[in-house]
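Okay, hi everyone, thanks for coming. I'll put the sequence and the structure up, and then we'll walk through a few spots together.

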Amino acid sequence: MTDQNRDWDTSYEWKAVTLLGLAFGLVGLDRWIIAPLFPFMMKDLGLGYQELGNIAGVLGLAWGFFAIISGGFSDKIGHRKILIPALVMFSVLSGVSGFATGAMSLILIRALMGITEGSFCPTSFAATNEASAPSRRGFNLGVQQCGFALFGLGFAPIIATQLLRVVPSWRYVFIVAAVPGLILAVFLYMVLREPRHITHAHETTEKHTYGKIFHNRNIALAMLALFCAMCGVFVLSAMLPNYLVDYLKLSGEQMGFVMSGLGFGGFIGQFALPGVSDILGRKPVAIAGFALTAALIRALALTGANPVTLFGLLFMISMGCLGLVALITGPISTESAPAGLVSSAVGMVVGAGEIFGGGVAPSAAGYIAQNFGIQNILNLALGGVACGIVVCLFLKETAPRKTAPGNPSGAHKVLAH
């Protein structure tokens with residue numbers, strides 16, 4: 001056992017990481033179960049591609065703004081007061097989505113969901129960072145985030161399309177999806193602790209100013225890089241079900257199978273990329289991840305109506321994109337943040353990425369699909385990911401294994417940092 005891990009409360013570490021990972025998985029489920037239901041909702045509610053893009057985009061915009069606000073707020077009042085109410089509220093709002101009567105009511109409901117999920121996101125990353133031993137930080141942050149892909153993009157298309165076979169309409173799918181979050185909130189209430197800078201506030205007189213967040217250029221670069229990664233994965237998550245059904249003419253069940261590749265690939269990528277970066281370094285893994293993903297999106301655009309090939313490509317694309325999301329919002333952001341301002345820094349990064357990658361990009365994809373053909377959404381996703389390669393060239397390395405004073409290749413980086 002290393003000095004970093006000695007006397008660490010590993011029992012609490014794994015309980016906290018497990019519960020926070022399950023909770024973030026439900027964030028993904030409640031956010032993305034709407035996407036495979038879009039083709040069925042369009043007829044009932046009279047929606048077009050632009051409305052679909054706007055419905056996905058408004059949640060991202062609200063998520064982004066409130067990630068910035070709540071990140072700073074939780075640094076002051078603690079994690080529990082943000083995480084537990086947010087988990088209850090976004091679960092309830094997911095169920096309320098089943099009562100929508102048109103585009104405007106859906107936009108309002110999803111905006112409110114964005115507020116609650118945006119509040120949950122950076123605070124949960126900071127809570128995982130607080131609970132994790134330094135040598136396991138990248139892996140744990142990846143484990144916590146991988147549930148988002150597994151539940152939101154892996155299980156959601158399968159759950160949605162299979163439930164539609166046994167329930168009267170798509171409305172009941174939302175109601176069923178709301179229940180697990182209410183149960184999990186009880187367990188999180190029983191286990192989660194407040195961060196040390198809250199429980200030991202009397203031990204320090206240091207004042208934290210938000211300007212310190214940007215003293216490390218990695219925070220601004222992480223904001224840009226996250227926008228690039230989210231542009232790729234969220235354009236595909238929001239619009240690809242209709243691309244598969246309307247353009248490639250797949251059936252609803254074939255679409256559900258293909259879309260699940262995003263979730264299962266993202267599930268592996270969200271703990272694999274941060275975990276590998278614990279060993280190889282954050283910067284080289286980020287650059288390689290963006291480059292590989294760009295090549296795979298181009299291959300997807302050239303692939304016809306072959307469900308197995310489409311599944312495989314989406315699996316690998318999501319492994320790259322969502323692995324990058326976990327790497328950027330997890331170890332890169334938390335390790336680049338000043339002590340006591342981790343939630344604030346993560347909130348800034350997540351907020352910028354969500355506003356542009358999760359909010360503006362899906363709306364732009366809806367406009368492109370409506371006016372130029374839905375097949376052209378893939379060019380938007382490709383462009384976003386390609387830009388990420390350039391952004392990551394300017395990152396500073398933050399992995400403890402690479403920047404430790406005892407590491408010959410990392411000593412100069414500590415001095416430069």
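Here's a warm-up: does K249 count as buried or exposed? Have a look before I go on.

Right. K249 has a relative accessibility of 63%, so it counts as exposed, because the cut-off for that is over 50%. Before I say more, please keep in mind that this is a predicted model.

So where does K249 sit? You'll find K249 in the loop between α9 and α10, and α10 covers residues 252-280. The backbone does something worth a look there: K249 has a positive phi, near 65°, and K249 isn't a glycine. As a rule, most residues other than glycine have a negative phi.

Let's step back into the helix just before that loop. α9 runs over residues 217-247. It has 31 residues, and from its first C-alpha to its last it reaches 42 Å, which is close to the 45 Å expected at 1.5 Å a residue. Where does α9 bend? At M239, by about 50°, and there's a proline, P241, within the four residues that follow. At the other end, where α9 starts, N216 has a side-chain oxygen within 2.9 Å of the backbone nitrogen of N218. And how much of α9 is buried? The count is 24 of its 31 residues, so α9 is largely enclosed by the rest of the structure.

α5 makes a nice companion. This helix has 29 residues and spans 41 Å, first C-alpha to last, close to the 42 Å expected at 1.5 Å a residue. α5 is mostly covered too, with 22 of its 29 residues buried.

Now, on to the empty spaces. If you roll a probe the size of a water molecule over the atoms, you see where empty space is left. Searching the whole structure that way turns up 3 cavities of 30 Å³ or more. The largest one has a volume of about 80 Å³. It's lined by 13 residues, and the closest to its centre are F24, W63, C121, M230 and V325. Several helices give two or more residues to that lining, and our two friends α5 and α9 are among them, along with α6, α12 and α13. What kinds of residues line this cavity? By class, 9 are nonpolar, 3 are polar and 1 is charged.

The second largest cavity comes in at about 60 Å³. Around it you'll find R31, W32, I34, I55, A56, L59 and R110. Here α1 and α3 are the elements that give two or more residues to the lining, and α3 gives the most, with 3. This lining has 5 nonpolar and 2 charged residues, and no polar ones.

Two last stops. First, E335, over in helix α12. E335 has a relative accessible area of 16%, and the cut-off for buried is under 20%, so E335 is buried. What does its side chain touch? The side chain of E335 makes a polar contact with the side chain of R282, at 2.5 Å.

Second, G95, which lies in helix α4, residues 80-96. G95 is buried as well, with a relative accessible area of 8%. Try finding G138 from there: the two are 43 residues apart in sequence, and C-alpha to C-alpha they are 33 Å apart in space.

That's my tour, so over to you.

Definitions and conventions
Residues numbered from 1 in each chain as written. Predicted model: local features only at pLDDT ≥ 70, side-chain atom pairs only at ≥ 80, totals over all residues. Heavy atoms only, no water. 1 Å grid on protein atoms, 1.4 Å probe; cavity = no way out; pocket = protein on both sides within 12 Å on 5 of 7 lines; lining within 4 Å. Points joined across faces, edges and corners; volume = space filled by probe spheres on them. Nonpolar A, V, L, I, M, F, W, Y, C, P; charged D, E, K, R; others polar. Expected span 1.5 Å × (residues − 1). Bend = angle between axes of the 7 residues up to and from the residue. Buried < 20%, exposed > 50% of the residue type's maximum accessible area, 1.4 Å probe, protein only. Polar contact = N/O pair within 3.5 Å; in protein donor to acceptor, adjacent residues only side chain to side chain.
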